[in-house]
Amino acid sequence: MDAKSFEPIIEMKNVGIAYGDNPFVLKNIDFSLRRGSMHFLTGKSGAGKTSLLSMMYLAQKPTEGTLKVFGNNINMIDRDTTAFLRRRIGVVFQDFRLLEHLSVFDNVALPLRLRGMKEREIRQRVIELLAWVDLSNNMYVKSSDISGGEKQRVAIARAVINRPELLLADEPTGNVDNEIALKLMKLFAELNRLGTTVVIATHSNELMDRYNYPRLKLEGGNISYVK
């Protein structure tokens, strides 16, 4: 294996983030994520989970400290490099961020089309994944016309269709029933088995207790590992 195989996929040193003149939301954050690991991210509302995730998917830069993603210091890279790195990251947003004028199929296919994949392969992969998340019957329905739980599953399918190196999921099971939640967790676990590093932000103690993944806990602006 080369050195990059052992390099953390995410590394933060003395990272803090603040908005304008407001107090720091996060301060002195020190942690790293090993490639191929899977973690829960937890903490009370307002603890800074969304801010931490946004830095990890390169939507924001830290106010202070050093953040490296795939070994790149994000304060030292240009816009093109940032865009390239983002294509290696899958994100499930709490507010879904679907293109609601497009069908379920076209939303999920979009990352593959941006890569230039052939339509035959796109169709095969999208149909297979939509079957896994129980959306086959709504494949060609506009995203604006489906329920919140269904939008959640479309957002998850879109995030994982590209088989990202890093998957960040913000409350991915919050709008679905227990049966679908278990199915989604199996999907995340399978991606992890294939090498994707997975971080799942959640408030659900029931979900975290069911799976023996280490936890990153945000509290008082700091982060700690919980076994």
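Me: Contact means heavy atoms within 4.5 Å; leaving aside its neighbours within four places in sequence, which residues is Lys 49 in contact with?

Reply: In this predicted model, Lys 49 belongs to helix α1, and the residues that meet the 4.5 Å limit, once neighbours within four places in sequence are set aside, are Leu 41, Thr 42, Gly 43, Lys 44, Ala 201, His 203 and Leu 218. With one of these, Lys 44, there is also a link through the backbone, whose oxygen is reached by the side chain of Lys 49 at 3.5 Å.

Me: How do you know that Lys 49 has no salt bridge, and what is the nearest side chain of opposite charge?

Reply: A salt bridge needs a side-chain nitrogen of Lys or Arg within 4 Å of a carboxyl oxygen of Asp or Glu. The nearest side chain of opposite charge to Lys 49 is that of Glu 171, and it is 5.2 Å away, so the limit is not met and Lys 49 is left buried without a salt bridge.

Me: Is Glu 171 itself buried or exposed, and what is its phi?

Reply: Buried means under 20% relative accessible area, and since Glu 171 has 12%, it is called buried. Glu 171 stands in the loop between β7 (166-170) and α6 (178-193), and its phi is near 50 degrees, a positive value in a residue other than glycine.

Me: What makes a positive phi worth pointing out, and where is Phe 96, which has one of about 70 degrees?

Reply: Most residues other than glycine have a negative phi. Phe 96 is not a glycine, yet its phi is positive, at about 70 degrees. Phe 96 is found in the loop between β6 and α3, and with a relative accessible area of 15% it counts as buried.

Me: How many aromatic pairs does the structure hold, and what makes the one between Tyr 57 and Phe 93 a pair of its kind?

Reply: There are 4 aromatic pairs in the structure. Ring centres must lie within 6.5 Å to pair, and planes over 60 degrees apart count as edge-to-face; the rings of Tyr 57 and Phe 93 are 5.4 Å apart, centre to centre, with 90 degrees between their planes, so they form a pair and it is edge-to-face. This pair links distant parts of the chain, 36 residues apart, with Tyr 57 in the loop between α1 (49-56) and β4 (64-69) and Phe 93 in the loop between β6 (89-92) and α3 (104-115). As to accessibility, Tyr 57 has 14% and therefore counts as buried, and Phe 93, at 16%, is buried as well. Elsewhere, ring pairs join Phe 40, Tyr 211 and Tyr 213 into a cluster.

Me: How do you know that Ile 89 is buried, and which residues is it in contact with?

Reply: Ile 89, in strand β6, has a relative accessible area of 11%, and since this is under 20% the residue counts as buried. Beyond its neighbours within four places in sequence, its contacts are Met 56, Tyr 57, Leu 58, Val 69, Phe 70, Pro 164, Leu 166 and Leu 168.

Me: Why is the link between Glu 121 and Arg 125 called a salt bridge, and how are the two residues placed in helix α4?

Reply: Their closest N and O atoms are 3.8 Å apart, which is within the 4 Å that a salt bridge allows, so the name applies. Glu 121 and Arg 125 are 4 residues apart in helix α4 (residues 119-132), which means that about one helical turn separates them. Glu 121 is partly exposed at 38%, whereas Arg 125 is buried at 12%.

Me: What do Arg 215 and Asp 209 form, and is each of them buried or exposed?

Reply: Arg 215 and Asp 209 form a salt bridge, with 2.7 Å between the closest N and O atoms. Arg 215, at 18% relative accessibility, falls under the 20% limit and so counts as buried, while Asp 209, at 56%, is over 50% and so counts as exposed.

Me: How many salt bridges does a search of the whole structure find, and which residues are linked in a network?

Reply: The search finds 13 salt bridges, and a network of them links Arg 35, Arg 88 and Glu 165.

How values were computed. Residues are numbered from 1 along each chain as its sequence is written. This is a predicted model: local features need pLDDT of at least 70, side-chain atom pairs count only at pLDDT 80 or more; totals for chains, interfaces and linings use all residues. Side-chain values use heavy atoms; hydrogens and water are left out. Rings of Phe, Tyr and Trp (its six-membered ring) pair if their centres lie within 6.5 Å; planes under 30 degrees apart count as stacked, over 60 as edge-to-face and the rest as tilted. Buried means under 20% relative accessible area, exposed over 50%, partly exposed in between (1.4 Å probe, protein chains only). Lys and Arg count as positive and Asp and Glu as negative; His and the chain ends are not counted. A polar contact is a pair of N or O atoms within 3.5 Å; within protein, one must be able to donate a hydrogen and the other to accept it, and residues adjacent in sequence count only if both atoms are side-chain atoms.
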